[in-house]
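Trainee: I'm new to this structure and would like a close look at one part of it. Could you pick a spot and walk me through how the pieces around it fit together?

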Amino acid sequence: MHFRTPESLLTPAMRDVLSRMARAGRAPFHTLTPQQARSAYEAGSGVLEISKPALARVEDFSIPVRDDHAVPARLYAPSAQALPVLVYFHGGGFTIGSIATHDVLCRQLSHLAGCAVVSVDYRLAPEYQFPTAAHDAWDALQWLAGHAAELGLDARHLAVGGDSAGGTLAAMCALLARDAGLPLALQLLFYPGCAAHQDTASHRRFAKGFVLDEVDISWFFNHYLRGPADREDWRFAPLNAAQVDDVAPAWFGLAECDPLVDEGLMYADRLRAAGVAVDLEIYRGVTHEFIKMGRIIPEARHAHADAARALRHAFHLKHPQ
C-alpha cells in the first residue's frame with residue numbers, strides 16, 4: 001500500500017505559500033510575547049487576502065457584557081435593509097486575532113451571502129483567561145438577539161460563526177442558545193477547535209510545518225486556560241458537551257492538512273448522530289488559516305462561496321445580484 005507523506009497532500013499553491021513563509025523567517029508565535037504575536041499576526045493578516053469588498057454599511061459599535069465591560073464590534077451589511085445576522089467570532093487561539101485581522105473575511109461573507117455580519121472582539125488571553133472569551137461571546141449573541149432591531153437588522157434570523165478558536169465559541173454559543181430557547185438558523189464553523197486534548201492522529205500528522213504548529217497550539221492554550229480542569233469544560237471542548245441534540249444546523253469547512261481536522265470531523269459526526277443537520281466540506285490539500293489566503297489559494301474562494309451559500313439557504317435569502 002502506497003503511503004503518502006503529509007507534505008505530498010498539499011496543493012502546489014499551498015506548498016508555495018508554506019515555502020514563502022519559511023523563507024520569510026518570521027519568529028514563531030511561541031517565541032514571542034502575546035502582544036508581539038498579536039502585532040505580527042495583524043501585520044501579516046492581509047498579505048494573502050482577496051481585495052476588500054465594498055459594502056453599504058460598515059459601522060463600529062460596542063456591546064455591553066457582564067462585569068460592566070463593553071466589547072468592540074463591527075457591523076457589515078450590503079444594504080440598509082433589515083437583514084438576517086451572522087454573529088462572527090475570529091480565530092487566533094483565544095490569544096491573538098481581532099476585528100481587524102478578520103475584516104476582509106467578514107466583508108466577503110456579508111457580500112456573498114447578502115446578510116449582515118457582526119464581528120465580535122471578545123477579550124483575549126492571557127489578560128483575560130477562560131471563561132472570559134466564552135462569556136463575551138454568549139453575552140454578545142444574547143445582546144444582539146435583543147437589540148438587532150435597533151441596529152436596523154432582523155433579530156428573528158440569527159446565525160453564529162467563527163474560525164478555529166472562534167469556531168469553538170460559535171459551537172458553544174449554539175449549545176447555549178439551544179438551552180436558552182434562542183433559535184439560530186445556522187452554526188458556521190471553519191476548522192473549529194472541538195476537543196479537550198491535542199491527541200488525534202491529525203494533531204500528530206500535521207504537528208509541524210503546516211501553518212499551525214503543535215508548539216503554538218500549546219502556547220495559545222497555556223495562556224488561555226487556568227489549569228487542567230478548564231480543558232475538560234465543554235465550553236472549551238464542545239465534544240465534551242453532555243447532549244448536542246436539537247442544536248442549530250451546522251456547516252463545517254475543514255482543511256485537510258490541519259491538526260484540527262480530526263476533531264472537526266468528530267464533532268460533525270457527533271451532531272449527525274444526534275439528528276442535527278450537518279453540511280461538511282473538506283478542502284483538500286490546504287492548511288489551517290487557508291480561508292484568509294484567497295488571493296493565492298483557490299480553495300479559500302471556494303470556501304467563501306460555500307459558506308455564503310449555506311448562510312443564504314439558512315436565512316432564505318436569494319443570491320445577491
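Mentor: Let's start with a cut-off: a residue counts as exposed when its relative accessible area is over 50%, and as buried when that value is under 20%. Keep in mind that this is a predicted model. Now take K318, in the segment after helix 10. Its relative accessible area is 76%, so K318 is exposed. Along the sequence K318 and G114 are 204 residues apart, yet their C-alpha atoms are 8.0 Å apart in space.

From there, go to the helices themselves. Helix 3 covers residues 103–113 and helix 10 covers residues 298–315. In general, a packed pair of helices is described by the angle between the axes and the distance between them. Here the axes come within 8 Å and cross at roughly 55°, so helix 3 and helix 10 are oblique to each other. The crossing is right-handed.

Which residues make the contact? On the helix 3 side, look for L105, Q108, L109, L112 and A113; they meet H304, A305, A307, A308, L311 and R312 in helix 10. Sorted by type, the residues of this contact come out as 8 nonpolar, 2 polar and 1 charged.

Now the chain on either side of this pair. Past helix 3 you get to the loop between strand 4 (116–120) and helix 4 (132–147), where P126 sits. P131 is found in that loop between strand 4 and helix 4 as well. Both are worth a click: the peptide bond from A125 to P126 is cis, with omega near 0°, and the bond from F130 to P131 is cis too, with omega near 5°. As background, most peptide bonds are trans, and most residues other than glycine have a negative phi.

That second habit is the one to remember for E289, which lies in the loop between strand 8 (278–287) and helix 10. E289 is not a glycine, but its phi is positive, near 80°. With a relative accessible area of 16%, E289 is buried.

For a contrast, try D246, in the loop between helix 8 and strand 7. D246 also has a positive phi, about 65°, without being a glycine. Its relative accessible area is 68%, so D246 is exposed. P238 is in the loop between helix 8 (228–232) and strand 7 (250–257) too, but P238 is buried, at 0% relative accessibility. Among the residues P238 touches are T168, C194 and Y267.

Methods:
Residues numbered from 1 in each chain as written. Predicted model: local features only at pLDDT ≥ 70, side-chain atom pairs only at ≥ 80, totals over all residues. Heavy atoms only, no water. Axes fitted to C-alpha atoms, helices over the stretch in contact; angles between N-to-C directions. Helix = DSSP H or I, 4+ residues; strand = E, 2+ residues; numbered from the N terminus. Parallel < 35°, antiparallel > 145°, perpendicular 65-115°, else oblique. Left-handed = near helix turned anticlockwise from the far one by under 90°. Contact = heavy atoms within 4.5 Å. Nonpolar A, V, L, I, M, F, W, Y, C, P; charged D, E, K, R; others polar. Buried < 20%, exposed > 50% of the residue type's maximum accessible area, 1.4 Å probe, protein only. Lists of a residue's contacts leave out its neighbours within four places in sequence.
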